Amino acid sequence: MSRETELKYNEPWILQRADPYVYKHIDGTYYFTASIPAYDGIVIRHSSTLAGLPDAEEVEVWHKHEKGIMSKHIWAPEIHYLDGRWYIYYSGGDIDDEWEIRPYVLECQGQDPMKDPWVERGKMVRAEGDVFSFEAFSLDATVFENKGKHYYVWAEKVSVYPQISNLYIAEMENPCKLKTVQVMLTTPDYDWERVGFWVDEGPAVIKHNGKIYLTFSASETGVHYCMGMLTADEDADLLDPKSWDKDRYPVLKTDASRGIYGPGHNCFTQDEDGNPLMVYHARTEEKIEGNPLYNPNRHAMLMKIRFDEKTGRPIFSYDE
């Protein structure tokens with residue numbers, strides 16, 4: 001059976017795993033992590049193939065605290081390999097204030113992230129002179145490299161009522177600290193970002209032909225959840241908001257005819273042949289039982305990505 005026929009697209013791939021993140025290591029191994037329904041720990045699985053991930057053994061590498069920080073709402077982990085070490089970026093709240101969500105870092109003490117111990121490096125450290133970052137509800141951090149520099153992008157709510165979740169970017173000094181003061185990339189400008197809550201979150205980056213495409217998710221986590229996109233030139237100053245152009249309309253949204261509801265919080269990877277893929281979560285039912293945030297039925301799915309021959313932009317299509 002070929003790799004192509006082993007994988008199915010735009011249907012549940014790994015069940016009940018929201019905010020999925022897949023990292024393809026330099027040796028070709030795939031690592032998968034995601035938010036788990038209990039929101040109480042961080043799990044990893046690995047496989048030599050994408051098709052092997054759904055049935056791969058899942059290992060909990062870290063469990064929440066019983067009290068204090070990191071004791072509630074353990075969300076959206078991402079696993080990265082930076083400066084010769086493994087890191088996991090994730091967010092967590094305080095059981096005494098469950099919405100006191102802040103971004104944290106784990107560091108692996110060896111080269112095998114499945115077996116070697118992980119230690120807490122604490123909350124992500126903001127740059128000197130930055131009095132804003134991580135003071136309010138902050139989550140969904142991702143890391144990407146461009147021109148030899150690493151950048152940290154995350155969602156944070158401004159402390160007003162109603163609270164608004166914006167996306168911010170900063171250059172990294174090292175895997176646990178920012179070098180520059182945060183810069184806002186996007187705020188919920190449009191109607192599709194303001195359903196239920198005013199939210200931009202879940203950033204992810206893919207590059208193609210000298211361009212950087214940064215996708216993000218918007219609105220409440222039910223059927224109105226959708227994906228938007230920002231575009232920048234890789235030679236531009238990525239810390240200048242004017243370097244980024246924002247799409248007027250979402251690039252991916254619910255398609256009831258296909259039974260795909262609330263697609264979002266994606267990442268990008270490659271198949272074994274180097275072809276680009278998107279990993280995202282979505283629901284398969286329109287009516288959600290209970291609070292959408294605690295309903296476990298957000299499933300990881302795969303989508304093929306191709307690029308427009310004229311514009312070079314990624315095409316997000318359930319037909320691919």
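How many helices and strands make up the secondary structure of the chain? Colour by secondary structure and count along: 1 helix and 22 strands. Helices here are DSSP runs of H or I with at least four residues, strands are E runs of at least two, and both are numbered from the N terminus.

Before you click further, keep in mind that this is a predicted model: local features need pLDDT of at least 70, side-chain atom pairs count only at pLDDT 80 or more, and totals for chains, interfaces and linings use all residues. Residues are numbered from 1 along each chain as its sequence is written, and side-chain values use heavy atoms, with hydrogens and water left out.

**Stop 1: the whole chain**

Zoom out. The radius of gyration, taken over C-alpha atoms, is 18 Å, close to the 20 Å from the globule rule for 320 residues, so the chain is as compact as a globular protein of that length. That rule is 2.2 Å times the number of residues to the power 0.38. Along the principal axes, the C-alpha atoms fill a box of roughly 50 × 45 × 45 Å.

Switch on a surface next. About 13800 Å² of the chain is exposed, and carbon and sulfur atoms supply 47% of that area (Shrake-Rupley method, 1.4 Å probe; for residues, only the protein chains shown count as cover). Buried residues account for 56% of the 320; buried means under 20% relative accessible area, exposed means over 50%, and partly exposed is in between.

Now for contacts, meaning heavy atoms within 4.5 Å. Of the contacts with a separation of 6 or more, 49% are between residues 24 or more positions apart.

**Stop 2: strand E11 and its partners**

Select residues 164-174, which is strand E11. Of its 11 residues, 9 are buried, so the strand is largely enclosed by the rest of the structure. Two strands count as paired if DSSP finds at least two bridges between them.

Add residues 149-158 to the selection: this is E10, antiparallel to E11 and joined to it by 8 bridges. To check the register, show Tyr152, which stands opposite Ala170 in E11. The hairpin from E10 to E11 runs through 5 residues.

Then add residues 177-178, strand E12, which is antiparallel to E11 with 2 bridges. Asn174 has Lys177 in E12 as its bridge partner, and the hairpin between E11 and E12 has 2 residues between the strands.

Last here, add residues 183-186. That is E13, again antiparallel to E11, this time through 3 bridges. Look for Ile169 and its bridge partner in E13, Val183.

**Stop 3: Met184**

Stay in strand E13 and pick Met184. Is its side buried or exposed? Met184 is partly exposed, with a relative accessible area of 35%. Leaving out residues up to four places away in sequence, Met184 touches Asn166, Leu167, Tyr168 and Pro241.

For your next jump, draw a distance from Met184 to Glu272: their C-alpha atoms are 35 Å apart, with these positions 88 residues apart along the chain.

**Stop 4: an open sheet**

Select E18, E19 and E20, an open sheet of 3 strands in the order E18-E19-E20 with antiparallel pairing. The edges are E18 (261-270) and E20 (299-304), each pairing on one side only. From one strand to the next, the twist averages 30° (axes are lines fitted to C-alpha atoms, for helices over the stretch in contact, and angles run from 0 to 180 degrees between N-to-C directions).

Finish on E19 (residues 276-283), which has 6 bridges to E20. Tyr280 stands opposite Met301 in E20.

Conventions: Buried means under 20% relative accessible area, exposed over 50%, partly exposed in between (1.4 Å probe, protein chains only).
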